[in-house]
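Some notes follow for a colleague who has not seen this structure before. Please read them with the model open.

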Amino acid sequence: LWRGLVDLSSEEDARVLLRRAVECCPQHKELWLALAKLETYENARKVLNKARQTLPTEPQIWITAAKLEEAHFRKKKRGAKAAMAMAMDTTTSRGGGGGE
């Protein structure tokens, strides 16, 4: 029932519904996972931490939390590499090009 209602809702309404759903049915991992997918990184971490407290032996919750952290780390790493490349580009285009 929850899933059908969530599927028909806007993203923000689905988020509100799922927050209520995990309060009413905390033993349903699918609700926790669906809510985490709709949240920002910080909020998804909070949701998954609470899910791990509620369902400590549920492997899918732990796996999803690990994947979230891995994706966030990769995104940060890519951002750092892009910033470094831009800095290097700026340095070489300002005349540190050598040979003249």
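1. A charge counts as sitting over a ring if NZ of Lys or CZ of Arg is within 6 Å of the ring centre and within 35 degrees of the ring normal. In this predicted model, Arg 52 lies over the face of Trp 62, at 4.9 Å from the ring centre.

2. On aromatic pairs, the result is negative: a search of the whole structure finds zero.

3. Helix α4 covers residues 41-54. Its 14 residues, at 1.5 Å a residue, should span 20 Å, and the end C-alpha atoms are 20 Å apart, so the expected and computed spans agree.

4. Which residues of α4 are buried? They are Tyr 41, Ala 44, Val 47, Leu 48 and Ala 51. These residues cover an arc of only 120° around the axis, and therefore lie on the same side of α4.

5. The face of α4 turned away from that buried side carries exposed residues, namely Lys 46, Lys 50 and Gln 53.

6. How many disulfides are there? The count comes to zero. A disulfide would need two cysteine sulfur atoms within 2.5 Å. For Cys 24, the closest cysteine sulfur is in Cys 25, at 5.8 Å, which is too far for a bond. Taken from the other side, the cysteine sulfur closest to that of Cys 25 is in Cys 24, again too far for a bond at 5.8 Å.

7. As to exposure, Cys 24 has a relative accessible area of 41%, which makes Cys 24 partly exposed.

Technical notes: Residues are numbered from 1 along each chain as its sequence is written. This is a predicted model: local features need pLDDT of at least 70, side-chain atom pairs count only at pLDDT 80 or more; totals for chains, interfaces and linings use all residues. Side-chain values use heavy atoms; hydrogens and water are left out. Helices (H or I, at least four residues) and strands (E, at least two) are DSSP runs, numbered from the N terminus. The expected span of a helix is 1.5 Å times one less than its number of residues. Buried means under 20% relative accessible area, exposed over 50%, partly exposed in between (1.4 Å probe, protein chains only). The arc is that of the directions from the helix axis to the C-beta atoms. Rings of Phe, Tyr and Trp (its six-membered ring) pair if their centres lie within 6.5 Å; planes under 30 degrees apart count as stacked, over 60 as edge-to-face and the rest as tilted.
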